[in-house]
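Colleague: I would like to learn how to read a few features of a multi-chain model, going from single contacts up to the relation between chains. Could we take them one at a time?

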Amino acid sequence: MAELNQLMENEVFMAFASYATIILSKMMFMSTATAFYRLTKKVFANPEDCASFGKGENAKKYMRTDDSVERVRRAHLNDLENIVPFLGIGLLYSLSGPDLSTALLHFRVFVGARVYHTLAYLTPLPQPNRALAFFVGYGVTLSMAYRVLRSKLYL
Amino acid sequence: MAELNQLMENEVFMAFASYATIILSKMMFMSTATAFYRLTKKVFANPEDCASFGKGENAKKYMRTDDSVERVRRAHLNDLENIVPFLGIGLLYSLSGPDLSTALLHFRVFVGARVYHTLAYLTPLPQPNRALAFFVGYGVTLSMAYRVLRSKLYL
Amino acid sequence: MAELNQLMENEVFMAFASYATIILSKMMFMSTATAFYRLTKKVFANPEDCASFGKGENAKKYMRTDDSVERVRRAHLNDLENIVPFLGIGLLYSLSGPDLSTALLHFRVFVGARVYHTLAYLTPLPQPNRALAFFVGYGVTLSMAYRVLRSKLYL
């Protein structure tokens, strides 16, 4: 266990663990938001959902799509598409021995940009708010990828 | 290599490796299920798929959607949305030094809930079977996130 | 830090880090491709995008779907569905102490297959090019999963 403890006593790794857990929890919140809109607006994708949550004679009419629900789902998918590379590349970056302050800057900017992306998507704020939030997070991930490949390339 | 071996001799980490591999293999099975339905029902999303797998003069008519295929795809996307946080948070949780029995409980309940979720989605079972399976898995992941943040927060 | 350095001096782990970073960067490129098609073809999913990027009186008409955009999005989602298991299982596989040459073979074939899959999807090449690329990547991931479970099963 000594080695494991030392891994978790490494400050960069602890910081990565904290920010990764926070941004994943935020992503999970999108599932709850989708469920909330589906139940309050009665908008379902499956007949069995209509039957149980749609109450009423004509429950099948609740099999439909809705703008708010589709908006949350697009925001959720965009999160997945961007947080998966952050997790993979960020983990390897944390193990490549970066400066603590540089690493913290990367993690904080990424988490801030993704939280702002969600706000911009769900409010919605006028463009280019969402586009900028997206590209800031994208740039942070590419910057970590560059560092991993420069310092540890082995093909 | 000594350190690597010790990481893999850590029982919590070995358990995480086993359950993560099992649930990811289950998720990969959804791709095969989609392909199976697409080929047997002749339901394709791309013209080049119709041309090769749809045989016949009027292959373009196979560019369509189908309830069974869409159902598998929704189950697959829900898996992605939930298994990605489990992988990220579960890895960090395994490294944060939890009790073996507590960790095993988390991993087993999560894997069981997600397998049940797939069964409930594909059968389909009446609600709230699927909703309960979803929230059990969700709760397990949040419980691990809480433990990671409580013991190792570094912002 | 000694342990971290030794992790990153392990050749299998360095190879995994390199190939994982490369394939994640390729996946991120799909976001840029989607944005490029959306902007050049003026095909948007949100009213606020039409308002800012669609210029003109009748911007709402740009809320539509388009074959090229949907094709890139399907390729992107297929990447997510396959690269997430590769990341999770590949990380655990790298820690399970495989031969360097066997590990390199797995990583190289997977990355090659996924790059070919993207080319086959976006060109598009006639089937079964894309199907073969998909199943090669799938087989590589299952082969690593088998190795992890055989050597480290702990349930």
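Modeller: Let us begin with a definition: a salt bridge is a side-chain nitrogen of Lys or Arg within 4 Å of a carboxyl oxygen of Asp or Glu. Please keep in mind throughout that this is a predicted model.

Colleague: With that cut-off in hand, which residue forms a salt bridge with D66(B)?

Modeller: The partner is K41(B), and the closest N and O atoms of the pair are 3.8 Å apart, so the pair satisfies the limit of 4 Å. The two residues link distant parts of the chain, since D66(B) sits in the loop between α3 (47-53) and α4 (67-95) of chain B, while K41(B) belongs to helix α2 (residues 11-41) of chain B, 25 residues apart. K41(B) is partly exposed, with a relative accessible area of 35%.

Colleague: Where do E70(A) and R73(A) lie?

Modeller: Both are in helix α4 of chain A, three residues apart, which is about one turn of the helix. They form a salt bridge whose closest N and O atoms are 3.5 Å apart. E70(A) is partly exposed at 23% relative accessibility, and R73(A) is also partly exposed, at 32%. Elsewhere in chain A, a network of salt bridges links K26(A), D79(A) and R114(A), and over all chains the structure holds eleven salt bridges.

Colleague: Turning to burial, is T118(B) buried or exposed?

Modeller: Buried means under 20% relative accessible area, and T118(B), at 9%, is therefore counted as buried. T118(B) is placed in helix α5 (residues 100-122) of chain B, and, leaving aside residues up to four places away in sequence, T118(B) touches K26(B), M30(B) and D79(B). With K26(B) there is also a polar contact of 2.9 Å between the side chains.

Colleague: What does the side chain of S94(A) reach?

Modeller: The side chain of S94(A) reaches the backbone oxygen of G90(A) at 2.7 Å. S94(A) lies in helix α4 (residues 67-95) of chain A and is buried, with a relative accessible area of 1%. Beyond residues up to four places away in sequence, S94(A) touches V12(A), F13(A), F16(A) and F107(A).

Colleague: How should I read an annotated span against the coordinates, and where does UniProt place the feature "transmembrane region" in chain A?

Modeller: The unreviewed UniProt entry places that feature at residues 12-37, 83-111 and 131-149 of chain A. For residues 12-37 of chain A, the end C-alpha atoms lie 38 Å apart and the span is 100% helix. For residues 83-111 of chain A, the end C-alpha atoms lie 10 Å apart and the span is 86% helix.

Colleague: What turn lays chain A on chain B?

Modeller: In general, two copies of a chain are related by a rotation about an axis and a shift along it. Here a turn of 120° with a shift of 0.0 Å along the axis lays chain A on chain B with an RMSD of 0.0 Å. That is the relation of a three-fold axis. The copies use different surfaces, as 15% of the contact residues of chain A recur in chain B.

Colleague: How many residues does the contact take from each of these chains?

Modeller: The contact takes 39 residues from chain A and 36 residues from chain B. About 3200 Å² is buried between the two chains, with carbon and sulfur atoms giving 70% of that area. Across this interface the rule finds zero salt bridges, but it finds five residue pairs in polar contact. On the side of chain A that touches chain B, the largest share, 17 residues, comes from α2(A).

Notes
Residues are numbered from 1 along each chain as its sequence is written. Chains are lettered from A and ligands numbered from 1 in the order in which they are written. This is a predicted model: local features need pLDDT of at least 70, side-chain atom pairs count only at pLDDT 80 or more; totals for chains, interfaces and linings use all residues. Side-chain values use heavy atoms; hydrogens and water are left out. Helices (H or I, at least four residues) and strands (E, at least two) are DSSP runs, numbered from the N terminus. Buried means under 20% relative accessible area, exposed over 50%, partly exposed in between (1.4 Å probe, protein chains only). Contact means heavy atoms within 4.5 Å. A polar contact is a pair of N or O atoms within 3.5 Å; within protein, one must be able to donate a hydrogen and the other to accept it, and residues adjacent in sequence count only if both atoms are side-chain atoms. Copies are superposed by least squares on the C-alpha atoms of residues with pLDDT of at least 70 in both. UniProt positions are given in the numbering used here, feature names are shortened, and annotations may be inferred rather than shown by experiment. Buried area is the accessible area (1.4 Å probe) that two parts lose on being put together, summed over both.
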